[in-house]
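Visitor: Hi, I have just opened this entry and would like someone to walk me through it. Could we put it on screen before we start?

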Amino acid sequence: MFKFSSLFSKNMAMDLGTANTLIYVKGSGVVLNEPSVVAYNKDSKKILAVGTDAKKYIGKTPRHIKAQRPLKDGVIADFVITQAMIRHFFLKIQKMSRFFKPNVVICVPSGITQVEKKAVIDAAEEVGCGKVYLIEEPMAAAIGAGFDISKNRGRLIIDIGGGTTEVAVITMSSVAYCQSIRVAGDEFNESIIRYLLQKHQIYIGENTAEKCKIEAGSAFDVPIEPYTLIGKDAVTNNPKEITLAPEEIRAAIENPTRAVVEAVKRALEKTPDALVTDIYDEGIFMAGGGSLLKGLDKLIESETKIKCTVTDDPLLAIVKGSGIALENLKEYKKVFIN
Ligand SMILES: Nc1ncnc2c1ncn2[C@@H]1O[C@H](COP(=O)(O)OP(=O)(O)OP(=O)(O)O)[C@@H](O)[C@H]1O
Ligand SMILES: [Mg+2]
């Protein structure tokens with residue numbers, strides 16, 4: 001796919017997300033796309049698996065092993081584990097040497113605090129990066145979607161990740177308004193878990209809930225087949241099969257989908273009229289994995305009366321946008337926030 005040796009001198013862009021980490025290497029494109037999960041031995045602290053291999057451990061580990069997601073709500077929650085994860089991913093794509101310090105563009109949620117920013121920069125520097133440039137996720141998504149962000153024209157971008165949903169109005173290479181809520185794809189999964197326990201007395205794990213959401217979850221009345229899953233009966237502890245109607249799953253995730261819509265409405269309310277007129281003409285754009293929830297675009301459209309479109313490859317748009325900024329550092333210098 002790419003020349004291994006060519007990676008030695010290349011700079012990188014990284015979307016260090018709550019759910020997934022993606023790395024873009026200058027000249028090669030996206031070279032890594034794995035879940036942000038680390039499995040380690042709790043006693044010896046030895047790392048056992050990272051990324052795709054570690055995600056399989058979630059909910060299935062013996063007592064001495066922990067499968068952990070080191071980022072929460074878009075920011076670093078466990079510094080040491082995050083660093084170990086980044087180091088592992090870097091080693092996977094290139095042999096980092098003490099003499100090689102790649103510059104790196106890293107996406108962060110908008111509205112990130114100074115302390116949270118510093119943690120990202122420190123983690124990157126400690127695993128051997130040179131210069132670190134931070135870019136806000138909705139800005140990266142807008143660049144990744146191919147918009148000319150330098151134009152004097154308002155655009156509304158929604159990035160729905162695993163941990164955060166960000167609604168940003170972008171104009172002239174800046175974020176004019178941003179509303180960030182800590183409700184996104186993870187919360188949709190947790191709502192399904194809670195609903196099944198409360199309504200049907202069935203326990204399911206995170207991975208089962210995510211699969212159910214992806215295959216049969218929706219935010220609007222769109223055609224979907226009933227969905228069958230197997231969980232654990234909370235009373236008998238035996239395995240139990242249940243078939244859920246799509247309406248039932250929609251109701252289970254209604255609170256978090258409503259929260260996303262309310263964030264969009266708040267953003268429109270707070271945005272100056274002239275920019276709202278641009279947004280009405282251009283439409284709303286969504287990126288991030290959570291934007292793939294069936295019917296979410298239709299729900300936003302019906303509530304705002306503005307056309308809403310999911311960008312191509314919404315799971316890759318943010319890292320691709322960061323990659324474009326990396327390839328054209330001078331042109332995009334205004335978009336970096338550190
Ligand atoms: N087809 C789909 N339908 C619904 N949700 C999906 C789909 N595909 C992925 N997701 C969800 O998208 C989320 C991950 O999206 P993404 O990779 O953009 O998040 P992230 O960047 O890691 O998180 P954050 O930006 O909050 O730090 C997960 O919650 C996942 O379940
Ligand atoms: Mg993200």
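Visitor: Which helix gives the most to the shell around ligand 1?
Guide: Bearing in mind that this is a predicted model, the answer is α6, which contributes 3 residues to the shell around ligand 1. Both α5, spanning 185-200, and α6, spanning 206-216, supply at least two residues of that shell.

Visitor: And how many residues surround ligand 1 in total?
Guide: There are 23 residues around ligand 1, and the closest of them are G17, A19, G161, G185 and G289.

Visitor: What's the mix by class in that shell?
Guide: The shell around ligand 1 is made up of 12 polar, 6 nonpolar and 5 charged residues.

Visitor: Back to α6 for a second, which of its residues are buried?
Guide: The buried residues of α6 are A209, E210, C212, K213 and A216. As for the spacing, residues three or four places apart point the same way, because an α-helix has 3.6 residues a turn.

Visitor: What do those buried residues pack against?
Guide: The buried residues of α6 pack against two helices and two strands, namely α5 and α7 (246-252), together with β15 (227-233) and β16 (239-244).

Visitor: New topic, strands. Why is β1 described as largely enclosed?
Guide: Strand β1 covers residues 12-16, and 5 of its 5 residues are buried, so the strand is largely enclosed by the rest of the structure. From β1, M12, M14 and L16 point one way while A13 and D15 point the other way, and all are buried.

Visitor: Which strands does β1 pair with, then?
Guide: One partner is β9, residues 104-108, which runs parallel to β1 and is joined to it by 4 bridges. Another is β2, residues 20-25, which pairs with β1 in the antiparallel sense over 5 bridges, and a hairpin of 3 residues links β1 to β2.

Visitor: Where does M12 fit in there?
Guide: M12 has V104 as its bridge partner in β9, and in β2 it is V25 that stands opposite M12.

Visitor: What about the open sheet of 3 strands, what's its order?
Guide: The order in that sheet is β5-β4-β6, and the pairing is antiparallel. Its edge strands are β5 (47-50) and β6 (65-68), each of which pairs on one side only. With direction ignored, neighbouring strands of this sheet are turned by 15 degrees against each other on average.

Visitor: How many bridges join β4 to β5?
Guide: Strand β4, residues 38-41, is joined to β5 by 3 bridges, with the two strands running antiparallel. In one of these pairings, Y40 has I47 of β5 as its bridge partner.

Terms used:
Residues are numbered from 1 along each chain as its sequence is written. Chains are lettered from A and ligands numbered from 1 in the order in which they are written. This is a predicted model: local features need pLDDT of at least 70, side-chain atom pairs count only at pLDDT 80 or more; totals for chains, interfaces and linings use all residues. A residue is near a molecule or strand if its C-beta atom, placed from the backbone, lies within 6 Å of it. Ala, Val, Leu, Ile, Met, Phe, Trp, Tyr, Cys and Pro count as nonpolar, Asp, Glu, Lys and Arg as charged, and the others, Gly among them, as polar. A residue is buried if 20 or more other C-beta atoms lie within 10 Å of its own, exposed if 12 or fewer, and partly exposed in between; C-beta atoms are placed from the backbone. Two residues are in contact if their C-beta atoms, placed from the backbone, lie within 7 Å. Two strands pair if DSSP finds at least two bridges between them. Axes are lines fitted to C-alpha atoms, for helices over the stretch in contact, and angles run from 0 to 180 degrees between N-to-C directions.
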